[in-house]
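Trainee: Could you take me through one spot in this fold properly, starting from a charged side chain and working outwards? I'd like the numbers along with the reasoning.

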Amino acid sequence: MIRFHCPKCESEMEVDESFAGRGARCPTCGTNMKVPKKGEAPPPAATKAGPPRPGSATVKVDGQQVEIVPPLETMVVMSMVFLGAAVLGLLTGGVLLGSTLRYPWTFGGFLGMVLALMGTLTALPAYHNIRRSRGRKRGRLHAQVCMGGGGGLFLICTVIFLVGLAQILNRATCEENLKRIDIALWAYAEKHNGAFPQSLKMLVEEKYISPETVTCPAYNIRIGEQSYQYVPDINVKNPLFPPDMMVVSDGEVPPPNRGHEDGYVRVLLLNHQVVMKSDAEWAAYKKAQGEKWNDILNKIRRPAGAKKEEPPPPPKEQEAPAPATPAPPAPAPAPAPGDAK
């Protein structure tokens, strides 16, 4: 029996001596080989040479063709990591953090812009290092893709960031938002017989104002989320509504999100004025406006000409009946003249 090992997978095989010098195939890896004679070393595996791998070089070592793959340039790997992080940062800021940040795409654009710039700048020296290595390092195509893709990604993120920055710098103040809401309310009332809408959302849906108008720019909440408190059921044709009636205010947002540095609450009145109340005055002012509003509602609900119903008087206590007085005795009849003696 002849025992030998596969030159590729080192699997041990055993065949009869009559097969010496014949062709065989390894049952484990399928490598074609020649069965050695007894006492001979097995010849190298007769495998077909596949296509060379990208970036590989073929050299002769001890008379045999050996394929050598040089290592990938480290800076190319760093460049690809930076570009992947740029895409991830853009999507994270714009999509995943959209519910927590006021300007999510501005943040995502800035993060992506910085990372894309770092990836592009890293790909430039990587490309030159590969050229000077004379085949000892590979990754030239990777570096070229990183330079082109990184530059394009940098421009896209820069545009997104600059557009968001312009929105931040040109955002309206709280007073300007209230003035726009006031104009929209009266424009809505002209088309609806003097009635104001039931909510500010209706003004946004009917394109009277933009979504960011309902958000106070000084508050730490997402743009487009309503921060103003609105008083519905107002009809400007009804004389019961006084000119100093509060219509919109921004004093109901919890303190951690309130950002007015002067500590005043902005209030829009029915007479188009915007007044400011300090935090100390706000509670009393809101209570007085609430009482005025309830009084107006009661007058509206009461039919015209109807008198105000007064509560019935409490029942009086029943007095005990007075004791009956005896009737005086009836006078005796006078005697007749004939009876006198």
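**A charged side chain and its surroundings**

Mentor: Start with Glu73: its relative accessibility is 4%, so it counts as buried, the cut-off being under 20%. Keep in mind that we're looking at a predicted model. Glu73 has a salt-bridge partner in Lys137, and the closest N and O atoms of the two are 3.4 Å apart. In sequence the partners are 64 residues apart: Glu73 sits in the loop between strand S6 (64-68) and helix H1 (74-96), while Lys137 sits in the loop between helix H2 (104-133) and helix H3 (140-169). The Lys137 end is partly exposed, at a relative accessible area of 38%.

Now look at the helices that flank those loops. Take H1 and H3: their axes come within 10 Å and cross at roughly 25°. An angle under 35 degrees counts as roughly parallel, so that label fits H1 and H3. Their crossing is left-handed. On the H1 side the contact is made by Val76, Ser79, Met80, Leu83, Ala86, Val87 and Leu90, and H3 brings His142, Ala143, Cys146, Gly150, Leu153, Cys157 and Ile160. Sort those residues by class and you get 11 nonpolar, three polar and no charged ones.

Then there's H2 against H3. Here the axes are 7 Å apart and the packing angle is about 155°. Anything over 145 degrees counts as roughly antiparallel, so H2 gets that description relative to H3. H2 passes H3 in a left-handed crossing. The residues of this contact split into 19 nonpolar, nine polar and two charged.

If you want a marker on H3, try Leu155, which is placed in that helix. Leu155 has a relative accessible area of 55%, and since exposed means over 50%, it is exposed. Measure it up against Gly109 on screen: the C-alpha atoms are 10.0 Å apart, with the two positions 46 residues apart in sequence numbering.

Back to charges. The Glu73 pair has company, as the structure holds four salt bridges. In one of them, Arg266 and Glu175 meet at 2.8 Å, N to O. This pair also links distant parts of the chain, with Arg266 in strand S9 (residues 264-269), Glu175 in helix H4 (residues 174-191), and 91 residues from one to the other. This time Arg266 is the buried end, at 7% relative accessibility, and Glu175 is partly exposed, at 28%.

Another one joins the side chains of Asp244 and Lys292, at 3.2 Å from N to O. Asp244 is in the loop between strand S7 (229-230) and strand S8 (246-249), and Lys292 is in helix H6 (residues 279-301), so this bridge ties together parts 48 residues apart in sequence. Asp244 is partly exposed at 36%, and Lys292 is partly exposed too, at 26%.

Finally, zoom out to see what surrounds all this. The chain's secondary structure comes to six helices and 10 strands. Of its 341 residues, 30% are buried, and you've already met Glu73 and Arg266 in that group. Among contacts with a separation of 6 or more, 50% come from residues 24 or more positions apart. The Glu73 and Lys137 pairing, at 64 residues apart, gives you a link of that long-range sort to keep in view.

Definitions and conventions:
Residues numbered from 1 in each chain as written. Predicted model: local features only at pLDDT ≥ 70, side-chain atom pairs only at ≥ 80, totals over all residues. Heavy atoms only, no water. Helix = DSSP H or I, 4+ residues; strand = E, 2+ residues; numbered from the N terminus. Buried < 20%, exposed > 50% of the residue type's maximum accessible area, 1.4 Å probe, protein only. Axes fitted to C-alpha atoms, helices over the stretch in contact; angles between N-to-C directions. Parallel < 35°, antiparallel > 145°, perpendicular 65-115°, else oblique. Left-handed = near helix turned anticlockwise from the far one by under 90°. Nonpolar A, V, L, I, M, F, W, Y, C, P; charged D, E, K, R; others polar. Contact = heavy atoms within 4.5 Å.
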